[in-house]
Amino acid sequence: MTTTFEAMALAAPLKQVLTELNYTTPSPVQAQAIPLLLEGRDILGCAQTGTGKTASFALPILNALHSDPRPIRTKQCRVLVLAPTRELAGQVAKSFSTYGEKVRFRLTTIWGGVGQRPQVNAMRAGVDVLVATPGRLLDLIDQGCIDLSAVDFFVLDEVDRMLDMGFLRDVNRIIDLLPKKKQSLFFSATLAPNIVTLAQKILKNPAHVTITPEVTTAERIQQKLCFVDRGNKMYLLQQLLEKQSQASEAKLTIVFGRTKHGSNKLAIALTAAGYEAEAIHGNKSQAQREKALAKFKQGLVPVLVATDVAARGVDVKDIGLVVNYDLPNEPEAYVHRIGRTGRAGADGLAVSFCAEDEIDFLRDIEKLIKNQIPRDTSHQWHSENLQEKHRTGFKPPKVKQGGGGGGGRGGQSSSQGTPSRTSGAARRRTRR
Ligand code: AMP
């Protein structure tokens, strides 16, 4: 399997962008899917959001647009990506624009809930890439504003959600309008029988790419959840690092912060407290990140403070402890983060801190992993108040997450003085 982007048969402008984005290592879904797609294979991908699946299909498609540019006729598109929601369609379109920054191509998006005129206008000249939700797309097709007969690449993203939302009929109708000869890509987080039936209808001799959720490796990982006021997080972290420094093996620790700034501040505060730490995040140059990682791998710096994106591809065997200093607001990231420890069959410990403004994030994570993370109430800074708020369905006020930071006893103690709302309605939270 190709393990670097450099070794992949991608055009130079795409590789340049990846370097600028500091993407060095393909994620597992990218390592598997990109070479197959470049060969022209259909793909049945079982991968969730957060695995890097968007780049896994956007890069080979952009590669084809770059190496084989063609004139586009009115109302036509060469690439059709169907996504279940406007948000997802927007994210996919943004990814195409980001990865294709140095490629000449035209893209437009089509979704409901907004006026159709700009969409009709955009399609008049035709586009290379059309990212759409099924309902509005069909509307415009029925009005004669879109012609799917020139589609070379067809991507169905998040099929499970699409079917959950009742789009099966629409999707089937759209498929019937596509030309027979095309390359099809099909992504779903799960493969229930109705999804497999749909895949069989679309795909020709597909290659299967399955990214097993890292939850399976998590069996070796001991997980703990600490309810702790934000102002006490630093004390608790130092206590954990002290214990970790006495470990006989797997001494390395990754601490996750949510923001770049917070991670920087935290690394500085830890170093000042005697726990040498380096921060890696998207604002650091490739060279700086590689240097920090090399020092970490050699054990010269025992603590790495990282953001989620920066930690992708960090594959270090001896990480004994992962600390979620800030809980991730994307629940999938929790699974990726704790998977940094317990590598190569070793046991690992993952400790997560939950302050008042992270109670909702904790709910999302536990819903995703379908388990309650075992509570650690034995530490000195345990907050019974927060644990109770979590238990009774308290909804934290929406505040911007500061992330990381030194903190201390003098810091804000966010669980005090905030009214507790424990109504049933509060519990029925709509998803972000
Ligand atoms: P996705 O699963 O496509 O939504 O991607 C999840 C996140 O990972 C996005 O923020 C991407 O920008 C980022 N990402 C994707 N591939 C890589 C990579 N190879 N290295 C670093 N970050 C990546």
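Me: How many bridges join S10 to strand S11, and do the two run parallel or antiparallel?

Reply: Two strands count as paired if at least two bridges are found between them. In this predicted model, S10 and strand S11 (residues 303-306) are joined by four bridges and run parallel. To find the place by eye, look for Glu 278, which stands opposite Leu 304 in S11.

Me: What is the order of the strands in the open sheet of six strands?

Reply: A strand order lists the neighbours as one walks across the sheet, and here that walk reads S8-S13-S12-S9-S11-S10, with parallel pairing. At the edges stand strand S8 (221-227) and strand S10 (277-280), each of which pairs on one side only. If direction is ignored, neighbouring strands of this sheet are turned by 20° against each other on average.

Me: Which strands does helix H14 lie across?

Reply: Helix H14, made of residues 331-338, lies across S8, strand S9 (252-256), strand S12 (319-324) and strand S13 (348-354), and it runs at about 160° to S12.

Me: What is the strand order in the open sheet of seven strands?

Reply: Reading across that sheet in the same manner, one meets S3-S4-S2-S5-S6-S1-S7, again with parallel pairing. Its edge strands are strand S3 (107-110) and strand S7 (207-210), which each pair on one side only, while the average turn between neighbouring strands, direction ignored, is 15°.

Me: Which residue in S7 stands opposite Leu 44?

Reply: The partner of Leu 44 is His 208 in S7, and the strands concerned, S1 (residues 43-46) and S7, run parallel and are joined by four bridges. Helix H2 (residues 28-38) packs on this sheet, where it touches S1, strand S6 (183-188) and S7, and its direction makes about 165° with that of S7. Helix H4 (residues 86-99), for its part, lies across strand S2 (77-82), S3 and strand S4 (127-132), running at about 155° to S4.

Me: How many helices and strands are there in the chain, and what share of its residues counts as buried?

Reply: The chain has 17 helices and 13 strands, and of its 432 residues 53% count as buried. Among contacts with a separation of 6 or more, 78% come from residues 24 or more positions apart.

Me: Where does pLDDT stay under 50?

Reply: The value stays under 50 over residues 401-432, although the model has 75 contacts beyond four places in sequence for that stretch. For the chain, the mean pLDDT is 85, and 85% of the residues reach 70 or more.

Note on methods. Residues are numbered from 1 along each chain as its sequence is written. This is a predicted model: local features need pLDDT of at least 70, side-chain atom pairs count only at pLDDT 80 or more; totals for chains, interfaces and linings use all residues. Side-chain values use heavy atoms; hydrogens and water are left out. Buried means under 20% relative accessible area, exposed over 50%, partly exposed in between (1.4 Å probe, protein chains only). Contact means heavy atoms within 4.5 Å. pLDDT is the predictor's confidence in each residue, from 0 to 100. Axes are lines fitted to C-alpha atoms, for helices over the stretch in contact, and angles run from 0 to 180 degrees between N-to-C directions.
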